[in-house]
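Welcome, and thanks for taking a look at this one with me. I have put together a few points to help you find your way around.

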Amino acid sequence: MQGFDHQLLEVNGITLSVYHCGPASAKPLWLLHGFPECWYSWRHQVAPLLAAGYQLFMPEMRGYGQTSAPREPEAYDLFTIGDDIRAAWDALGQQQVALIAHDWGAPVAWQLALREPARVQAVVGMAVPYGGRPKQPATTIMRKLYAERFNYILYFQDVGAAEADMDTDIDRTLRVMLHSLSAAVPQDFFLQEKPASARLLDGLQAASELPAWCEPEAFARYRATFAERGFYGALNWYRNFERNWAQSEVLAEVKVEQPALFLLGDKDPVGTLEAYTLQQMPHWVPRLEQHVIADCGHWLQSEQADTVNSYLVDFLARHYPA
């Protein structure tokens, strides 16, 4: 993991921290991380993608690490976050790109594919599918379904409550999240029933040791991402479901026409949460290839890196050849 260039780009009214490696003459790949991770979550993909002939751009997304983290929740809607990445492409003179994205990075990637059909040549989403614009915001549905039960997305809506829970011990929060969403626990363990008054970490615990796929150096980088200002920026992404839904009306009938790959761990609780979206996805992403990865939780690019890398290299060779 040596030889990275690090840039601080002034784009879209913020400072965007971007890590880069690979020859300037190679085709660019943008790797967009999710929650609560960081650019270093792509460490297992770097060598195979460089060997395949690409240059890699791994931003710290808005609210993370050295990238700006505005306090206002409304600064984190998907259009604005997507505009961070689009402005970076403009600043770097990139006319064609491909996207690889995980967790919250995936909705950003799907939206960029919809908004930039000529520039985005291929897109890979992991864990979070795209199934078109819902009939109402997801949080509206959740409030009906979870009136008496805990739901982590609804819990994140109240500014300050989740921060107080998660910032108290950042090390423990990250350890609990990495363990409780992995294949090391029973499927949907993270979604266990709790009363509506519960907190995120209630009923969850960290493993006694870091998992083999998250070496101490990697965990130190994850922790450093949140050490200075806590989780408020990352949590603000969750506070824009209504705003994202309203903005997406202009894309309501648009499909992701690019070649697309979707990867999901067989033990990822997001597969349960997004079961309906997964059913709708082939209609809205007509050139879709999808694979379920065995013995894999939510952190699939780390938990099953070799399998993920094989799918990535094969897909890119066919649809975005170096």
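The points below go from a pair of strand pairings to one helix residue, and then to the open and closed spaces.

1. Please keep in mind that this is a predicted model. Every value here is computed from that model.

2. A good place to begin is strand β2, residues 14-21. Buried means under 20% relative accessible area, and 8 of the 8 residues of β2 are buried, so the strand is largely enclosed by the rest of the structure. You can see this on both faces: I14, L16, V18 and H20 point one way, T15, S17, Y19 and C21 point the other way, and all are buried.

3. Next, look at the partners of β2. Strand β1 (residues 5-11) pairs with β2 in the antiparallel sense over 7 bridges, and L8 stands opposite S17 in β2. The hairpin of β1 and β2 has 2 residues between the strands, and N12 takes a positive phi near 50° there.

4. Strand β4 (residues 55-59) also pairs with β2, in the antiparallel sense and over 4 bridges. To find this pairing on screen, start from H20, whose bridge partner in β4 is F57.

5. Now turn to T225, which lies in helix α8 (residues 216-227). Is T225 buried or exposed? T225 counts as buried because its relative accessibility is 8%, and the cut-off for buried is under 20%. Its side chain reaches the backbone oxygen of R221 at 2.9 Å. Leaving aside residues up to four places away in sequence, T225 touches E37, C38, Y64 and G65.

6. The largest pocket holds about 1500 Å³ of space. It is lined by 49 residues, of which P134, A138, F241, E274 and T277 are the closest to its centre. Several elements give two or more residues to this lining, among them α2 (78-92), α3 (105-115), α4 (138-145) and α10 (241-247). Which element gives the most to the lining? That is α12, with 5 residues. By class, the lining of the largest pocket divides into 34 nonpolar, 11 polar and 4 charged residues.

7. Finally, there is a closed space to visit. The structure holds 1 cavity of 30 Å³ or more, and the largest cavity has a volume of about 40 Å³. R175, L178, H179, A207, E209, L210 and P211 line the largest cavity. Sorted by class, this lining has 4 nonpolar, 1 polar and 2 charged residues.

Key
Residues numbered from 1 in each chain as written. Predicted model: local features only at pLDDT ≥ 70, side-chain atom pairs only at ≥ 80, totals over all residues. Heavy atoms only, no water. 1 Å grid on protein atoms, 1.4 Å probe; cavity = no way out; pocket = protein on both sides within 12 Å on 5 of 7 lines; lining within 4 Å. Points joined across faces, edges and corners; volume = space filled by probe spheres on them. Nonpolar A, V, L, I, M, F, W, Y, C, P; charged D, E, K, R; others polar. Buried < 20%, exposed > 50% of the residue type's maximum accessible area, 1.4 Å probe, protein only. Polar contact = N/O pair within 3.5 Å; in protein donor to acceptor, adjacent residues only side chain to side chain. Contact = heavy atoms within 4.5 Å. Pairing = 2+ DSSP bridges.
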